[in-house]
Amino acid sequence: MQIDRIAEPWGTRTPYGPGEEWPTRVDTHLADGVAPEDVDRWVQSATILHSNGDGLDIAVQDGEIVGVRGRAEDRVNHGRLGPKDLFGWQANKSPDRLTKPLIRRNGELVETDWDTAMDAVAGRAKELLAEQGPSAISFYTTGQLFLEEYYTLGLIAHGGIGTNHVDGNTRLCTATAAAALKESFGSDGQPGSYTDIDHADVIALFGHNMAETQTVLWTRVLDRLAGPNPPQVICVDPRETPVARAATVHLAPRPGTNVMLMNALLHEVIANGWVDEEYVQAHAVGFAELQKRVADHPPELAAQVCDVPVEQIREAARIVGTAERLMSSVLQGFYQSHQATAAAVQVNNLHIIRGMLGKPGCGLLQMNGQPTAQNTRECGADGDLPAFRNWSNEEHVKDLAEVWNIDPMQIPHWSPPTHAMEMFRYAEEGSVRFMWVQATNPAVSMPELGRIREILAQERLFLVVQDIFLSETAQLADVVLPAATWGEKTGTFTNVDRTVHISDKAVEPPGEARPDLEIFIDFSRRMDLRDKDGQPLVKWDDPEGAFEGWKECTRGRPCDYTGLSYEKLRGGSGIQWPCNEEHPDGTEHIYVDGEFWSDPEYCESYGRDLVTGAPVSPVEYKALNPSGKAVLKAAEYLPPHEIVSQEFPFQLITGRTLYHFHTRTKTARAPQLQKAAPEVWVELSASDAADRGFTEGDLLEISTPRGRVEARLRISGIRPGVAFLPFHYGYWDEPSGHQPDGERGRAANELTMTDWDPASKQPIFKTAAARVERLEKSTGTPSAAPTTTASRPVSGDVPPTVGGPAASATEELTTVSGGTR
Amino acid sequence: MKLGLAIEELHRSENHLAHALLAASDRHKTDHEVFHVARDIARWSQDHVQALAAIGADYGVELDADPADDPSLLAGLRQKAAEAVGRRPEPGMLMLADLRHIHREAAGVSLDWELLAQAAQGTKQKELLELTQRCHPETLRQMRWANGKLKASATQVLVS
């Protein structure tokens with residue numbers, strides 16, 4: 001069956017009931033004129049334009065990628081693919097790929113050869129090491145490389161250079177997921193599994209617009225909703241998202257008040273006796289403190305603070321409080337908002353006090369945003385020590401030093417790792433003088449762009465950018481290194497439910513572009529980094545060697561990969577870690593029977609104060625949690641740091657749309673996706689628009705004390721008083737290149753504030769005060785926002801978003817034996 | 001009984017601590033975490049000042065419930081000065097000094113709370129004891145914050 005997957009992002013329903021297997025539906029899209037029988041080879045991989053980790057095969061014809069097909073046997077997607085996967089692969093062969101290294105000469109970036117470029121990078125690093133030491137060197141990586149690359153990078157940075165300044169853009173996306181899991185369970189690692197959707201009777205999505213961020217996972221929910229005995233859905237989101245439209249109860253709190261709302265829900269659950277007391281008694285610490293804290297957060301108070309009807313809070317609490325199999329997921333609505341970790345932790349608390357962990361249907365996911373963010377965290381490319389080792393546990397540092405065959409003193413562990421925002425601050429004040437950015441675009445994705453551009457453009461900062469296109473950030477670089485991407489290199493990566501996939505090389509990278517792993521190893525050799533026996537520090541020269549090295553590093557740790565191999569990952573479905581001798585086929589649920597990884601000697605972290613961010617000391621942690629239970633951590637509500645005023649009366653939130661990823665580097669180069677959401681828009685509610693006489697399509701100026709943006713108005717179902725801007729749009733496809741052309745830009749982050757959650761260090765993108773004014777009345781043309789998503793118009797005269805024949809994909813409904821694992 | 005005196009002393013030291021936090025916040029406006037967190041937790045001290053003033057009446061001391069305010073003109077000046085030197089490394093040393101000062105102030109406040117708690121226990125003053133139990137943990141958190149932040153910032157400031 002052919003279907004327009006721009007118009008129908010979730011495709012056709014295949015309904016199923018609780019406890020049944022999700023039916024298989026194989027989605028395929030091939031380039032125009034290519035038939036399945038024309039394909040020379042199908043090469044195994046998984047999806048990389050979101051975090052879901054759907055198994056797919058890449059179609060290759062005459063040495064080129066010509067399409068993709070979902071893998072029917074994969075446990076994650078049962079054959080399905082989302083619109084970004086079906087069309088995004090076209091970006092690989094975009095004519096403006098970087099094919100040669102670039103170096104800045106007389107102020108201009110000019111083409112050069114690899115030797116010159118890498119000598120410049122290694123040369124500057126050596127100079128600075130001699131002059132200032134490792135504190136001058138920083139690495140800012142991504143959530144989009146492969147596991148092997150992150151592990152190698154972490155080894156080079158921590159074990160070789162010895163710098164504490166290593167982080168990824170995962171800091172902007174899911175640092176709070178990791179932080180919340182560490183607070184509650186002592187370690188990162190997701191309690192849930194996607195199969196929990198098959199069993200749940202209640203699915204609660206906290207600030208998680210799953211329909212747009214993980215389309216295939218939402219398809220699974222839609223299929224449950226279309227089947228017998230569907231689950232009830234709770235949605236917490238200030239926008240009228242597709243999730244909100246499907247929800248039994250939709251809570252749309254005032255931005256910045258998540259902790260208040262969560263405390264009120266917990267208040268109701270406890271007050272009504274819906275607590276699994278036996279479970280709490282046996283498996284958790286901190287209940288008395290939590291009970292005391294939420295006692296002064298009754299629903300009546302939350303109703304006022306959050307501006308949500310009190311009956312809705314009570315109803316939502318009743319549904320989660322009486323659920324038999326509660327599945328929850330949390331995302332940016334919590335992570336990128338005020339009191340991020342404190343709010344996300346309250347969702348963990350809900351699952352702990354209800355005993356909803358480690359059983360089918362009782363899944364808890366602190367969702368990821370990027371395809372390989374889990375690996376950034378596991379491998380230590382976010383600054384943490386690899387395999388969830390604890391930087392403040394001397395034994396863990398010693399153990400890691402043994403794996404790496406170096407002196408423990410070489411591994412920086414005197415304080416928490418430098419997070420991205422701090423790294424940029426150090427560059428601003430001049431003590432970080434070398435920054436190597438990989439596969440990310442801080443010149444568009446970080447808050448307060450005017451400031452970020454000034455930092456990146458400083459003469460005194462040596463900026464290396466490794467990417468596949470000349471991004472806004474790359475335009476400011478001293479050296480640009482052209483990288484290979486998905487489909488052009490081999491590696492593995494892990495999604496949020498701990499499923500590891502292999503992604504094999506299908507085609508050659510363009511021109512002289514090289515796999516990121518090769519670039520890192522080249523750097524290590526040029527720096528002559530060695531272990532304590534004088535042998536090369538990096539002991540591998542290919543992805544499989546790196547994977548084998550990683551396996552050893554994970555032995556006995558929560559994310560145990562020792563039972564996996566490239567061979568085992570090829571051919572079938574992805575496999576969930578921990579996978580070792582004890583669990584050779586992987587592990588669907590962790591935390592079975594209330595067993596956690598939070599023992600003081602084993603845990604990844606002792607936690608932090610949720611308000612001040614101060615690390616909890618080993619002694620305090622041992623006193624609090626001597627026997628490795630789950631930690632119920634209470635949090636008080638604090639008012640947001642920027643509040644609305646007469647001058648700035650709107651609360652500004654930023655976010656995603658279904659058709660784009662990150663700063664559109666790939667998705668804007670896939671015609672079907674770009675056409676679906678071609679330009680920036682701003683959303684306001686119908687009542688706010690009416691108050692000001694605005695109509696659909698008016699050109700508005702949105703401003704904060706930090707900058708101005710212009711965008712056409714979409715009148716949507718968003719909460720009154722709130723303005724929404726998608727953050728994908730930058731300047732690389734505008735004449736001005738890397739910055740606004742004139743006084744108004746189109747990047748949402750011109751407006752956002754520099755502020756972050758003290759516990760997770762994740763920047764806050766969803767709590768700023770803004771002013772909105774009309775620049776130009778619409779001539780009748782609506783804004784170009786998609787109509788299929790949360791930006792759906794409330795008035796009826798906007799043409800629907802469609803893809804036409806170019807967006808046609810095949811759906812094949814089949815049943816495959818052994819489809820789930 | 002000298003409970004009134006202890007309350008008065010604590011009222012004074014909490015006011016000092018709030019002031020130290022707010023001044024440090026302003027001075028380090030370009031260090032965003034210090035700027036925001038110091039303000040958030042200064043609120044705890046201001047709340048303690050109010051509570052102490054309220055309970056002080058029972059012990060014969062008349063205290064101002066309004067926290068000693070920082071004149072906004074000065075705050076503005078400090079913030080402007082912070083922005084002017086935000087591109088230079090020298091304020092790093094000043095920040096370490098400020099954090100050290102806050103830690104010492106908070107340690108003093110913590111001891112004052114301990115004294116008051118002991119006295120309240122000894123004289124079976126239930127309401128006063130409850131107040132110390134509510135407030136003292138927040139003082140300890142202020143102290144740990146200054147300590148933790150100092151630890152995290154010291155290396156970069158001192159080795160660069």
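**Helix packing, pocket lining and backbone features**

In helix α19 of chain A, F424(A), R425(A), A427(A) and E428(A) meet R451(A), I452(A), I455(A) and L456(A) of α21(A). By class, this contact of α19(A) with α21(A) comprises five nonpolar and three charged residues, with no polar ones. The model in which these contacts were computed is a predicted one. Helix α19(A) covers residues 420-429 and helix α21(A) covers residues 449-457; the two pack at an angle of about 60°, and their axes are 9 Å apart. An angle of this size makes α19(A) oblique to α21(A). The crossing of the two helices is left-handed.

A second helix pair in chain A is formed by α5(A) and α16(A), the latter consisting of residues 340-353. Their axes come within 9 Å and cross at roughly 50°, and the two helices are therefore oblique to each other. In this case the crossing is right-handed. The residues of the contact divide into eight nonpolar, four polar and one charged. On the α5(A) side the contact is made by T176(A), A179(A), A180(A), L181(A), E183(A), S184(A) and F185(A). These meet A340(A), T341(A), A344(A), V345(A), N348(A) and I352(A) on the α16(A) side.

Chain B contains five helices and zero strands, so that its pattern along the sequence reads α-α-α-α-α. The C-alpha trace of chain B spans about 55 × 30 × 20 Å along its principal axes. Helix α1(B), residues 3-27, and α2(B) have axes that come within 8 Å and cross at roughly 160°. Angles over 145 degrees count as roughly antiparallel, and α1(B) and α2(B) are therefore roughly antiparallel to each other. Helix α1(B) passes α2(B) in a left-handed crossing. The contact between these two helices involves 16 nonpolar, seven polar and three charged residues.

The largest pocket encloses about 1300 Å³ of space. It is lined by 41 residues, of which E289(A), R293(A), A634(A), P137(B) and R141(B) are the closest to its centre. Both chains supply helices to the lining: α5 (175-185), α12 (287-295) and α25 (618-624) of chain A, and α2 (32-56) and α5 (126-159) of chain B, each provide at least two residues. Helix α5(B) gives the most, with eight residues. By class, the lining has 18 nonpolar, four polar and 19 charged residues. Two of the helices named above recur here, since α5(A), which packs against α16(A), and α2(B), which packs against α1(B), are among the contributors to the lining.

Two backbone features in chain A were also identified. The peptide bond from W577(A) to P578(A) is cis, with omega near -5°. P578(A) is placed in the loop between β21 (575-576) and α25 of chain A, and α25(A) is one of the helices that supply the lining of the largest pocket. F388(A) has a positive phi of about 60° although it is not a glycine. This residue is located in the loop between α17 (373-379) and α18 (394-404) of chain A.

How values were computed
Residues are numbered from 1 along each chain as its sequence is written. Chains are lettered from A and ligands numbered from 1 in the order in which they are written. This is a predicted model: local features need pLDDT of at least 70, side-chain atom pairs count only at pLDDT 80 or more; totals for chains, interfaces and linings use all residues. Side-chain values use heavy atoms; hydrogens and water are left out. On a 1 Å grid over the protein atoms alone, a cavity is a set of points where a 1.4 Å probe fits but cannot get out, and a pocket is an open set with protein on both sides within 12 Å along at least five of seven lines; lining residues have an atom within 4 Å of a point. Grid points are joined across faces, edges and corners, and a volume is the space filled by probe spheres set on the points. Helices (H or I, at least four residues) and strands (E, at least two) are DSSP runs, numbered from the N terminus. Ala, Val, Leu, Ile, Met, Phe, Trp, Tyr, Cys and Pro count as nonpolar, Asp, Glu, Lys and Arg as charged, and the others, Gly among them, as polar. Axes are lines fitted to C-alpha atoms, for helices over the stretch in contact, and angles run from 0 to 180 degrees between N-to-C directions. Angles under 35 degrees count as roughly parallel, over 145 as roughly antiparallel, 65 to 115 as roughly perpendicular and the rest as oblique. A crossing is left-handed if the near helix is turned anticlockwise from the far one by less than a right angle, and right-handed if clockwise. Contact means heavy atoms within 4.5 Å.
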